[in-house]
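This report describes one protein chain for a reader at the bench. Please keep the sequence and the model in view while reading.

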Amino acid sequence: MCVFCNQRSISGKHSFQRESVIDEIDTALATIPEDAEVEIAYFGGSFTGIDRELMIYLLDVAKDYVDNRREGRAKIIGIRMSTRPDYINAEIMEILSRYPVRTVELGLQSMREQVLSLSKRGHSATDAENACKLIKSAGYSLIGQMMIGLPGSTLEDELYTARKICEMGADGARIYPTVVFFGTELADMTDRGEYEMLSIEDAVLRSKEVLKIFEQRDVECIRVGLCASDNLGDANQVKGGANHPSLGELVMGERCYDEMCLLADNLLRINKNTDANTLVFLTPRGELSKAIGQRGKNRSRLEERYKPYKIDIKEANVPKIVSQLEKR
């Protein structure tokens, strides 16, 4: 098992009842608008590595929902799953080809051999590349899941991993910080002084730089940070690390701050003799809170950095953040 893995703590699930699958799907569907199109997702572990008969049963269940839409329920258009690179091979791909699979999320974590070895992932970077090729060759959407702050990993290692995920044809990505759970080897390594837990501040800064890679390559990052569960807020489960319920928001706030500074610096360089007194930043609809930052952090930093200019941040019908000077 990986040194950081405690899947029950991460997922919040401590048992699995095969008989409850259909009820859980129906319960979830009852919360979704009828005109929506959704996927059935098998997450919380390495789906293609579970008992083969159980895997096929779960695929059969999902296929039935795709083939036979329930009256008054959202339309299920396919199957999504998460798994490991070493649980993807020709036999697995042949089985998946019988089902309406649309998306495979692959736990790549790192593409550096030393980091994979120290984390006891049990597979190589070459295994990851081969798995990505099989998934893309089958026509599936590929989501690369990577981690920040693994044993032996540096920012440069993580930037390399992000670049490799893009090069391997990923359609999207997730960035997860390393959280140390009790009952894992990583917790023991921490106690022995062999591993230093990732701080929230470091996780934000490193994730921000990784996010830039995905943005530059037009690879959508669909999540930064672990999905919230009751156990992630349980001090009896989490020893430490970058465990923050709004990590993604913190990262996006930093990205917005960097972008606004770049825009403002360029604007003021071009307009050295302006009589304007206000720096205005226009943000796309729905992204104002990211631009302002948690507790107004970005606004405060901009006011300090660009004194004596006033700062105004507001929403507008723009595709990305833009800046302008105004006299008020």
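In which loop is the place of proline 308? Proline 308 sits in the loop between helix H12 (297-305) and strand S10 (310-315). The model is a predicted one. In this model lysine 307 and proline 308 are joined by a cis peptide bond, with omega at about 5°. Tyrosine 306 also has its place in the loop between H12 and S10.

**Overall build**

The protein chain has 328 residues, and 46% of them count as buried. Its secondary structure consists of 12 helices and 11 strands. The C-alpha trace spans about 75 × 55 × 40 Å along its principal axes. Among contacts with a separation of 6 or more, 79% are made by residues 24 or more positions apart.

The chain exposes about 16,400 Å², and carbon and sulfur atoms supply 47% of that area. It carries 44 positive and 51 negative charges, whose mean positions are 5 Å apart.

**Nonpolar cores**

The largest nonpolar core contains 74 residues, and Leu59 and Phe214 have the most contacts inside it. Helix H3 (residues 52-67) gives the most to this core, namely seven residues. A second core, separate from this one, has 16 residues, including Met260, Leu267, Leu268 and Tyr306.

What does phenylalanine 214 contact, leaving aside its neighbours within four places in sequence? The partners are Met146, Ala162, Ile165, Cys166, Ala173, Ile175 and Val219.

Tyrosine 306, listed above in the second core, counts as buried because its relative accessibility is 5%, under the 20% limit. Residues up to four places away not counted, tyrosine 306 touches Cys261, Ala264, Asp265, Leu268 and Leu279.

Serine 323 is in strand S11 (residues 322-326). With a relative accessible area of 18%, serine 323 is buried. Its contacts, again without residues up to four places away in sequence, are Leu263, Ala264, Leu267, Val280 and Phe281. Ala264 is thus touched by serine 323 and by tyrosine 306.

**An exposed strand residue**

Is glutamate 37 buried or exposed? Glutamate 37 counts as exposed because its relative accessibility is 53%, and exposed requires over 50%. Its place is in strand S1 (residues 37-42). Not counting residues up to four places away in sequence, glutamate 37 touches Lys75 and Ile77.

**Separations across the chain**

The table gives some C-alpha to C-alpha distances, with the separation along the chain.

| Pair | Separation along the chain | C-alpha distance |
|---|---|---|
| Serine 323 and isoleucine 32 | 291 residues | 38 Å |
| Tyrosine 306 and serine 97 | 209 residues | 57 Å |
| Glutamate 37 and asparagine 277 | 240 residues | 48 Å |

**Positive phi angles**

Lysine 120 is not a glycine, yet its phi is positive, at about 55°. Lysine 120 lies in the loop between helix H5 (113-118) and helix H6 (125-137). With a relative accessible area of 45%, lysine 120 is partly exposed.

Aspartate 218 is likewise not a glycine and has a positive phi, of about 60°. Aspartate 218 is found in the loop between helix H9 (200-216) and strand S7 (220-224). Its relative accessible area is 73%, so aspartate 218 is exposed.

**Cysteines**

How many disulfides does a search of the whole structure find? The search finds zero. Cysteine 166 is in no disulfide, and the nearest cysteine sulfur, that of cysteine 221, is 10 Å away. Cysteine 166 is buried, with a relative accessible area of 13%, and is one of the residues in contact with phenylalanine 214.

Why is cysteine 261 not bonded to cysteine 256? The closest cysteine sulfur to that of cysteine 261 is in cysteine 256, 11 Å away, so the two are too far apart for a bond; a disulfide needs sulfur atoms within 2.5 Å. Cysteine 261 counts as buried at 5% relative accessibility, and tyrosine 306 touches Cys261.

Note on methods. Residues numbered from 1 in each chain as written. Predicted model: local features only at pLDDT ≥ 70, side-chain atom pairs only at ≥ 80, totals over all residues. Heavy atoms only, no water. Core = buried A, V, L, I, M, F, W, Y, C linked by side-chain atoms within 4.5 Å. Buried < 20%, exposed > 50% of the residue type's maximum accessible area, 1.4 Å probe, protein only. Helix = DSSP H or I, 4+ residues; strand = E, 2+ residues; numbered from the N terminus. Contact = heavy atoms within 4.5 Å. Areas by Shrake-Rupley, 256 points an atom, 1.4 Å probe, with all protein chains shown as cover. Lys, Arg positive; Asp, Glu negative; His and termini not counted. Charge placed at Lys NZ, Arg CZ, Asp CG, Glu CD.
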